[in-house]
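Work through the exercises below with the sequence and the 3D view open. Try each task before you read its solution.

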Amino acid sequence: MTHFIRGIAAALALAGIATMAAGHGDVAPQPVNTDALPDVGEEWLIENPYRADKVGEEIWAKAVEIGDSAYNQNCARCHGLGVVSGGLAPDLRFLEAAEYGDEWYMERFQHGYTQDGTTKMPGFGEVLGQKAGWAIRTYVETRPEDGALDAHTARLTAIRDELATGGGDPAKLKEELAAISTEVQTASGAPVSDSVVRRAVLFLDGTPEGSKHAAEALTIGLSATH
Ligand code: HEC
């Protein structure tokens, strides 16, 4: 690991610890800017309006990005960083990416859950709003399932090394990564996963900087799977 990567890893770990330390009491909900997403009206929908087959890939990608930040600020302290549950609350990656899963998701998002007078989960409907709710849903359902990268570890490590040392043809490597990215499965049944492989592809813009960032994304992703 380079110092830089180690720095990022440490920062991520610290951010995680800080969030956890905030505990599960009255933590102020973090506002979410959803201006970049199309409006969905006043009435609460029962199906995710931001799937790629409805709004196109660009808006879908925006929803994933906004949902990522919104989830990790508001939900991760109970449901786990990156939607990998530590056992405190259910693992949300398994909610089916279809109307049935959506309806259940939205019911909990809006109203939370109270048992015997104790709030196990606060409601977020009024404070964050519907657009943020669906953006988080879009992010959650695109998480790769456990072990989704295992079959590709050896090749991804080799590609990472080539990108990190400036070897290989970045355009060819990008094509190969894009192909691998489509094979990474979700647990929700959503057709596309937002894995580190997809993130690496997004970084590859033909510049040396892009290759470096892609290599870093792969390094972090590969270390997280072990
Ligand atoms: C204070 C901890 C806490 C926070 C913060 C929290 N949740 Fe929960 N959540 C829970 C618990 C506990 C349950 C299990 C409740 C139950 O038994 O049904 C749950 C259940 C759920 C469920 C139902 C899952 C299932 O499989 O039945 C969804 C969906 C959900 N939460 C979404 C969210 C989202 C989205 C956020 C952030 C906007 C969030 N939660 C924030 C604690 C939390």
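**Exercise 1. Decide whether Val83 is buried or exposed, then place it in the chain.**

Solution. Start with the cut-offs. A residue is buried if 20 or more other C-beta atoms lie within 10 Å of its own, exposed if 12 or fewer, and partly exposed in between, with C-beta atoms placed from the backbone. Val83 has 24 C-beta neighbours inside 10 Å, so Val83 counts as buried. Next, find its place: Val83 lies in the loop between H4 and H5. Helices (H or I, at least four residues) and strands (E, at least two) are DSSP runs, numbered from the N terminus. Last, check the backbone. Phi of Val83 is near 70°, a positive value in a residue other than glycine.

Two notes before you go on. Residues are numbered from 1 along each chain as its sequence is written. The model is predicted: local features need pLDDT of at least 70, side-chain atom pairs count only at pLDDT 80 or more, and totals for chains, interfaces and linings use all residues.

**Exercise 2. Do the same for Asp116: is it buried or exposed?**

Solution. Count first. Asp116 has 5 other C-beta atoms within 10 Å, so Asp116 is exposed. Then locate it. Asp116 sits in the loop between strand S1 (113-115) and S2. Its phi is near 50°, again a positive value in a residue that is not glycine.

**Exercise 3. Describe the protein chain as a whole: which elements does it have, and in what order?**

Solution. Count the elements. There are eleven helices and two strands. Now read from the N terminus: α-α-α-α-α-β-β-α-α-α-α-α-α. Of the 226 residues, 35% are buried. Finish with contacts, where two residues are in contact if their C-beta atoms, placed from the backbone, lie within 7 Å. Among contacts with a separation of 6 or more, 68% join residues 24 or more positions apart.

**Exercise 4. Find which residues come nearest to the ligand.**

Solution. Use the cut-off: a residue is near a molecule or strand if its C-beta atom, placed from the backbone, lies within 6 Å of it. There are 18 residues around the ligand, and Cys75, Cys78, Ala89, Arg108 and Met121 come nearest. Helix H4 (76-79), helix H5 (99-111) and strand S2 (118-121) each give two or more residues to this shell. Now sort the shell by class. Ala, Val, Leu, Ile, Met, Phe, Trp, Tyr, Cys and Pro count as nonpolar, Asp, Glu, Lys and Arg as charged, and the others, Gly among them, as polar. The shell has twelve nonpolar, three polar and three charged residues.

**Exercise 5. Check the length of helix H3 (residues 57-74), and say what covers its buried residues.**

Solution. The expected span of a helix is 1.5 Å times one less than its number of residues. H3 has 18 residues, so it should span 26 Å; its end C-alpha atoms are 25 Å apart, which agrees. Next, look at burial. The buried residues of H3 include Trp60, Ile66, Asp68 and Tyr71. Their cover includes helix H2 (52-55), H4, helix H6 (125-128) and helix H7 (130-141).

**Exercise 6. Work out how helix H10 (residues 196-203) is oriented against helix H11 (residues 208-224).**

Solution. Axes are lines fitted to C-alpha atoms, for helices over the stretch in contact, and angles run from 0 to 180 degrees between N-to-C directions. The axes of H10 and H11 come within 8 Å and cross at roughly 170°. That makes H10 roughly antiparallel to H11. The cut-offs: angles under 35 degrees count as roughly parallel, over 145 as roughly antiparallel, 65 to 115 as roughly perpendicular and the rest as oblique. From H10, Val196, Arg199, Ala200 and Phe203 take part in the contact. Their partners in H11 include His213, Leu218 and Ile220. By class, this contact has seven nonpolar, three polar and one charged residues.

**Exercise 7. Find which residues Gln185 contacts, leaving aside its neighbours within four places in sequence.**

Solution. Gln185 is in the loop between helix H9 (170-181) and H10. Its contacts are Pro144, Glu145, Ala148 and Ser193. Take Ala148, which is in the loop between H7 and H8. Gln185 and Ala148 are 37 residues apart in sequence and 5.9 Å apart in space, C-alpha to C-alpha. Gln185 has 16 other C-beta atoms within 10 Å, so it is partly exposed. Ala148 has 18, so Ala148 is partly exposed too.
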